[in-house]
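Visitor: Hi, I'd like to go through this one with you. Could we start with the pockets and then look at charges?
Guide: Happy to, let's have it on screen.
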Amino acid sequence: NHNNNNDINYPSPRMPDVLQAFADPIQPAHELRDICKKYGIEFVSYSTLGTQHRNNNNSNPVLGSRPIQQIAEHHSRSAAEVVLSWALQRDMSVIPRSSQHDHIRELSNMLITDPQFLSESDLFEIDKLEGSYN
């Protein structure tokens with residue numbers, strides 16, 4: 001009789017290779033990213049540009065934040081390029097989404113030519129956005 005559960009060969013537990021989760025400068029998912037780093041799991045960020053935070057004015061507190069705008073102006077880049085570079089330089093993979101061909105082209109070009117253009121001081125200023133939106 002083989003109805004005993006002890007006779008069943010269950011597959012051994014395996015860590016995932018990738019974890020996809022929400023992360024942006026306001027809510028950077030430190031705990032999840034730390035766990036991923038500890039276990040060698042690639043962290044893939046979605047909603048990195050902060051569109052989920054839109055308020056009653058329909059403004060985006062990530063892309064519209066003063067530090068992001070100032071850094072973008074300093075580097076002659078868009079706010080989206082700054083935020084995506086921040087994520088890449090903070091060891092996240094990203095899945096940018098857009099229905100506008102110009103945005104797709106701009107972000108693709110940035111990823112190919114110079115995805116990590118931010119200085120340590122730029123990164124520090126962006127990191128200070130954490131928790132800045134309720």
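Visitor: How much space lies in the largest pocket?
Guide: About 460 Å³. A pocket here is an open set of points on a 1 Å grid over the protein atoms alone, where a 1.4 Å probe fits, with protein on both sides within 12 Å along at least five of seven lines; lining residues have an atom within 4 Å of a point. The volume is the space filled by probe spheres set on the points, which are joined across faces, edges and corners.
Visitor: Which residues are closest to its centre?
Guide: Of the 19 that line the largest pocket, those are L49, T51, P96, R97 and S98. By class, the lining has seven nonpolar, nine polar and three charged residues (Ala, Val, Leu, Ile, Met, Phe, Trp, Tyr, Cys and Pro count as nonpolar, Asp, Glu, Lys and Arg as charged, and the others, Gly among them, as polar).
Visitor: Before I trust that, what kind of model is this?
Guide: A predicted model: local features need pLDDT of at least 70, side-chain atom pairs count only at pLDDT 80 or more, and totals for chains, interfaces and linings use all residues. Residues are numbered from 1 along each chain as its sequence is written, and side-chain values use heavy atoms, with hydrogens and water left out.
Visitor: OK. What about the second largest pocket, how much space there?
Guide: About 210 Å³. Its lining has four nonpolar, one polar and six charged residues, and α1 gives the most, with five residues (helices are DSSP runs of H or I, at least four residues, and strands runs of E, at least two, numbered from the N terminus).
Visitor: Switching to charges: how many salt bridges are there?
Guide: Six, each being a side-chain nitrogen of Lys or Arg within 4 Å of a carboxyl oxygen of Asp or Glu. One of them joins R90 and D127, with the closest N and O atoms 2.5 Å apart. That pair links distant parts of the chain, with R90 in the loop between α3 and β3 and D127 in helix α5, 37 residues apart.
Visitor: And which partner does R77 have?
Guide: R77 forms a salt bridge with D114, closest N and O atoms 3.4 Å apart. The charged end of R77 also sits over the ring of F117, 4.0 Å from its centre (the cut-offs are CZ of Arg or NZ of Lys within 6 Å of the ring centre and within 35 degrees of the ring normal).
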